[in-house]
Structures are given as structure tokens and as C-alpha cells.
Amino acid sequence: MYKITLKKELTKDIKLFGVEAPHITHNAKAGNFIVVMPDEKGERIPLTIYDWDREKGIVYMVFQEVGLSTVKLGRLNEGGSIYSISGPFGRHFHVENYGTAAVIGGGVGVPAVFPIARALKQAGNKVNSIIGFRQKDMIILGEEMKSASDSLVTATNDGSYGVKGFVTDALKQMIESGDRPDIVVAVGPVIMMKAVSDLTKNYGIKTIVSLNALMMDATGMCGGCRVNIGGTTKFSCVDGPDFDGHLVDFDGLMSRLTSFKEHETEAMHKCRLDTEEKNG
Amino acid sequence: MAKKPRIKVREQAPEERIKNFNEVPFGYNEAEAVEEALRCLQCKNPVCIKGCPVNINIKEFIRQIGAKDFKGAIKTIKNDNSLPAVCGRVCPQEEQCELQCVMLKTGQVINIGGLERFAADWEAQNTVFEAEPVKPVLAGDGSRIKVAIAGSGPAGLTAAGELAKMGYLPVVFEALHVTGGVLVYGIPEFRLPKKIVEREVEYLKSIGAEVKTDILVGKSYTVEDLFEMGYKAIFIGVGAGTPTFLGIPGENLIGVYSANEFLTRINLLKAYKFPEYDTPVNTGRRVAVIGAGNVAMDAARIARRMKGVDEVTIVYRRSEAEMPARKEEIHRAHEEGIIFSLLTAPVEILGDENGRVKGMKCIKMELGEPDESGRRCPVAVEGSEFVIEADTVIPALGTKANKLMTEDVKGLKLSGRGYIEINPATGETSIPGVYAGGDIATGSATVIAAMGAGKIAAKAIDKYIKGSLNLEF
């Protein structure tokens, strides 16, 4: 059991947790992820590490309540505890001075991309970040991203804040305005990472994406997270989660992400019933 | 003497057991165990012991059961084996101790596994664990000397048990949230109830071992970190564990699970109890399992027990004679109504418009000349393609070395296939103080082989620590 030292609501359904887990912070690096279980009957949920305090042994994670497991996680409170948290998993992001880096985060991809932006800046890159959200009240971590970047553009699909449109619109403008990045890092919904990769391919700019495949053990044991990269099968958990965006079979990934849709509905239904029972 | 036939083990009837996940054999009761034990000839030269990878004094514990000294029997077993309730159930005794039994020629070998299981189960029901006091091996500051163990499968648990009995403080690190490794994620409940694994782990704790879950050696703490943290030696027993796929079209369709994934979802995360547990599994109505080893039998027999499944097929490219699984498992699979599509090789997994499995295109094979392994090589019969309808396809084709833990360890010598190179007599690796054993050193093998390796390494670790610290005992 691991103590929750901080719980913060970033939006209605996006929460930030700080959890005591020195075994995670000891070697955590930007791009690593963890696996958490809200309780012993729960699923193993992979989450990218948002931040960590090595001295205090506290790891920070951000998650959106999208299904039963994340809703259960969100019900836990500060002072309470999480049943299981393991990691750090995956290869960390390869940080070096590329020159100019465009760091792109979409929705809950922003907390995943934040430590990468910070590490790239520390390594001497000029970091131009773009973060995108559906609308103004869904914006998260704007200040944090600003502090980790040399410049920041915030895009909303409906134009209720910042520039109107998708992150790809802002990226295209950035590239065409002459501030061409030497590397692009994009983390967010699969459809966004695909769009970014399609765009940068035209310009021949190296692009790294972080994949959110379905996972269980995260140690390379089950192969559930397999994804086609340039014609060969890779496991997101141990070979990734970062891959060359120009080689990823995004359509295959999107298809596999729908594997348990009906179950998710059934589980959520049961979850709601439980809540009603408790409340009623 | 010796004319009496082997006492049968009572078990759940096939039509009953396919509706539940309870253990299939019930095991001997006291009277049956005594009767079976009394059949033992008590040979002057007990060759059965040589067949046991951990050299349990089989003759003695059987004699004790025959004399109704059940407590004595379990004590004898535990001198050499820290996990008797597990081994009594999952060891391939027919290839080990029972293969050596002089009664083999009569066709009525002693049921050594059944008796081992009886002794272990008797202890669980009748006595509390009695940890005998051991003289601790102390460091300069008066604390017990610590040994780190990566992985809580059979190799790691055995090494921990042996080291605890020697007076060390073994600390077992497990990457998953429960202890037991393959014993919990791999072997199904109906072959090895998880309560038994829990009980064995509790026993290890009672004799002084510590267990830490959620920690992945190599990532959470590296080998260097562990030495810095004061561990005097490290044993790596992380298992082989990365699944092999066929490399045929359609393998990434929804509904294709590696055997490891299917087993883990069900055994570890209890997907068969969904939605009481949160982890789902989709099986649909028809399941095809590719391969014919023990893991394939486990996957097929689990699938048979899943709600809504009414057809399970084993697809294997050779004939029944070449199937690598234990005879007993194949027999049980037959009893449970699993279809065997032999001399059949998959060509392509077929999907529907939503990317879900709907079937598997196969081709008929015939056996040609024997290959280097002595098995006759299957050759495709031209034009014999046909389709097996399936909603789920489970490749159970064995595992490869998982490089996750080993690849970042500086100076650790690996074989060409990625397994850790060790001295088999000691478990030593290329790094002083680092030992390894089990599947990560040998490739996929048995529970008992891993336990044997854990035992060997524990002895060598003891010698190494005492030697390097100039300790006198």
C-alpha cells in the first residue's frame, strides 16, 4: 500500500496524485511510466510519470477518468492509499541537445510530455511547446508547460482559449514561419499523434511519439501491447513507449485499443450501481 | 508384495469440472496415502531419489507415511524442498522420480507425487508452521546479512528458503503485485490453487525471508543499487517469459492473445470473475489454441471453463506422439472435450471488418523424415487449406529470453539467445556476487528444475559470502 500525499483536481475528470513510492523515484526518468492498481481487484493501469521528488520519494501522476479503473482511482483520497504501484517501466526518453525541439501535448498527453520538455530544455534545446485541448475548461498544466519551454502555444479546438484549431495547425505555422524544429515530440490521443507524424513526414522532421497501448504486466511478458513499427512487431512496454512516429502503424494501434469496449461499458454499469447503492 | 495396483486419486468428473476452476484431483486421504505408501518396496538402493532434481529422501518420507508418521514425512521432504505442496502437484514425476521407480516394469509405479502432495496438505491442515531457530549470519553491525533475490517464482522462492534456513536475510523482489511468479500468473487454479502458493510464501516468511512486491530489479533498483544498499549477493531468477508469435498475417487482430496474456488475465487478474474483478477477457464461443505443450493444455482447459465457450480446439502441426505436454494433461484435455486438430498448421488469422478474429486459415500436414531432434518433420500438403472458425486465437508457442532485466546490467554475460550464462554447478554469472538460475539461465524448463537451480545457487552464495567476508563458522 502506498500513501497518497496529494490529490488535486485539474479539471472535473482529470486528477493529479502524489504518491509515496521511493522505489519509483529512485531511478525515474522522463518518459518512464508506472503501473497502478487502485485495489486488489482492479486492473493494472499504465500511467506516464508526470513528475517526481527523489528526496521525498514521491511520484506524481495525472489521469483522466475514462473508465471503471480510472474512476475507481479517482475516488481515492489524500491520506488514503493505492494498492499497487510498480515501475519505472519502459525506456526513458533519449535526451540530448537536438537544437530546437517542438514538444506537443494533447489533453492528458500534456502531463506525459511535460518532463520531456523540461529535460530537453535542461539539455540546452530551444523548446517550443504546443498544447492542445478541446475547450478552455479542459486546459491543464499550462503554467508548468510554460516554465518548461522557451515558448508556448495553447490551442483549443473551439477557440475558447489561445489559438483556434488543432495542434497540427499550430505546428504547421511554426514550421512554415521559419522556426523549423530539429525534433518533434508528440504525446496525446492516437489520432493526434498520427496527424502530427503525417505532417512532419512531409517536412522530413524526426518525430517521437509515446504510445498508450493496452498493457498488463508491463514487463514484456504478455505481448498485449504489441504494435507494428515499420513492419516488425514491438512491445510498447519494453521496446517503447517511445517510437519513431513515421514508422508506427497507428491504425493497428487504434483498432487494438477498442479490444474491450463492451466490457468497459459493463464494468462501468456495475460501478455506477455500486455507487448508487452506497449513496442510496 | 508389489502386486497391489497403484491407489487411484479421486478427482472431479470431467462434466463437473469444466463448470468450475476448482482443483481437479482431490488428493489422497490418510487411509489411501498409507495404503499407497505401504506398496513401496523400500529399495536398498533407492534410485527414485536420483531422479529428483532436489534429491528429496523419497524412500524415507514414504516409509514415514506408511508408519502414519505424517509430521515426520513432511519434515523429511522440507529438508530438501521448500515448496512440497507445489511440487506434489506440478512436477512431471513420470519423467523424474517415478521414471526411476523399480516398479515401472510392473506398470504400477508408486505415486510419489501424490504422496508428496498428501504430506504437504496434511501439514497445512494439522499443524502450524514450526520454524526451527537458525543461527543468523551477521554482518559487522549485528544485522543479518542480506541477499537480494530478483523474481519470486520457483527459483527465487527456493533460493530464499535455503538462504533463510542458513541464517541469511533473503529479500525477494517481485515486479508484479503478487508473489509466486509463474506459479500464480501461469499455472491455472485447477492445477495449483493460489492459496497453496500463498501458504508456501507465508512459510518462507515465517523462517525469515522478506518479500517486496511491485519492484522490478533492473529498473526500480539496478544491480549496482542493490550492492550499494548493502546486499552482499544477488540471485536472478526472473524467468524466461517473453512470448513467441507465429509471424503469420492477422496476429495483431483483436482476439489474438499470447498464451502468457490469456493465462495472466485469468490466473493473476481473475478475468474469469469479471465483473467482480475489473480485468476483462474476450473469449467468444470458439477458441483455437496453437501448440501442444503444457501451456497450450492449460490455455485450452481454461478456455473450456470460460462462460459462453462451447468449442476449444488445439491446433498442432505434428501428431499426438510428438506432443510435448505431459500425458496426464493431454488425457485430461481429451476428457474435457477439447478437440485436437493434429497435423494442422496455421497459415493466417482471419478478421472481420472491425479487426476482430473470426477464424483461422490452416493447412494439413504430413510427417516426413525425422529432424535433428529426432521428431518427424511436418510437411505441408499442397492444396489442403481449410478454415477453423474461431473468436479467439491463442498462440502457445513457448517463450524467449526476456531482455528487460538483463540488458542494462553492465558486465553480465548472455548467451546468443539472450539467456544469462552461468556455471551450472554454482549458478555464478560473469559478475562476482551475482548468481542466476531457472528459465532465465536455461530457457523454458520445469518448476522443479528452477527450484534445483535456486538451491544450488543458495549454497554457492553462502560459500561466496563467507569466503569474501572471511567469516568463520
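A nonpolar core is a set of buried Ala, Val, Leu, Ile, Met, Phe, Trp, Tyr and Cys residues joined through side-chain atoms within 4.5 Å. Keep that in mind as you start, and remember that you are looking at a predicted model.

**Stop 1: the cores**

Select Ile58(B), Phe61(B), Ile62(B), Ile65(B) and Leu115(B). These residues have the most contacts inside the largest nonpolar core, which counts 79 residues. Now add helix α17 of chain B, residues 447-468: with nine residues, this helix gives the most to that core.

Zoom in on Ile65(B). Which residues does Ile65(B) touch, leaving aside those up to four places away in sequence? You should find Ala33(B), Val34(B), Ala37(B), Phe70(B), Ala73(B), Leu115(B), Phe118(B) and Ala119(B) around Ile65(B).

Another core, of 38 residues, lies apart from the largest one. To find this second core, pick Leu171(A), Ala218(A), Ile229(A) and Ala175(B), which are among its members.

**Stop 2: where the chains meet**

Colour the two chains separately and look at the places where they touch. On one side are 46 residues of chain B, in contact with 47 residues of chain A. Together the chains bury an area of about 3800 Å², and carbon and sulfur atoms give 53% of it. Select Asp214(B), Asn252(B) and Asp278(B) next: they supply 17% of the area that chain B buries against chain A, more than any other three residues.

How many salt bridges are there between chain B and chain A? The count is four. For a salt bridge to look at, show the side chains of Asp239(A) and Lys403(B), which meet at 3.2 Å, N to O. Polar contacts also cross the interface, with 22 residue pairs found.

On the side of chain B that touches chain A, the elements giving two or more residues are β5 (241-243), α12 (259-268) and α15 (403-406). The largest share comes from α12(B), with four residues. Sorted by class, this side of chain B has 20 nonpolar, 15 polar and 11 charged residues.

**Stop 3: helix α12 of chain B**

Stay with α12(B) for a moment. Is this helix mostly covered or mostly open? It is mostly covered, as 10 of its 10 residues are buried. The buried residues include Glu261(B), Phe262(B), Arg265(B) and Ile266(B). To see what covers them, show β14 (226-229) of chain A, and from chain B add α9 (182-185), β5, α13, β13 (392-395) and β14 (399-401), which are all included in the cover. Then step just past the helix to Lys270(B), where phi is positive, about 55°.

**Stop 4: two lysines**

Move to chain A and select Lys15(A), which sits in strand β2, residues 14-20. Is Lys15(A) buried or exposed? Lys15(A) counts as buried because its relative accessibility is 6%, and buried means under 20%. Its side chain is joined to that of Glu65(A) by a polar contact of 2.6 Å. Apart from residues up to four places away in sequence, the residues that Lys15(A) touches include Lys7(A), Leu10(A), Met61(A), Phe63(A) and Gly74(A).

For the last stop, go to Lys307(B), in the loop between α13 (294-305) and β7 (311-315) of chain B. Lys307(B) is exposed, with a relative accessible area of 77%. Finally, draw a line from the C-alpha atom of Lys307(B) to that of Arg356(B): these two residues are 49 residues apart along the chain, and the atoms are separated by 19 Å.

Technical notes:
Residues are numbered from 1 along each chain as its sequence is written. Chains are lettered from A and ligands numbered from 1 in the order in which they are written. This is a predicted model: local features need pLDDT of at least 70, side-chain atom pairs count only at pLDDT 80 or more; totals for chains, interfaces and linings use all residues. Side-chain values use heavy atoms; hydrogens and water are left out. Buried means under 20% relative accessible area, exposed over 50%, partly exposed in between (1.4 Å probe, protein chains only). Contact means heavy atoms within 4.5 Å. Buried area is the accessible area (1.4 Å probe) that two parts lose on being put together, summed over both. A polar contact is a pair of N or O atoms within 3.5 Å; within protein, one must be able to donate a hydrogen and the other to accept it, and residues adjacent in sequence count only if both atoms are side-chain atoms. Ala, Val, Leu, Ile, Met, Phe, Trp, Tyr, Cys and Pro count as nonpolar, Asp, Glu, Lys and Arg as charged, and the others, Gly among them, as polar.
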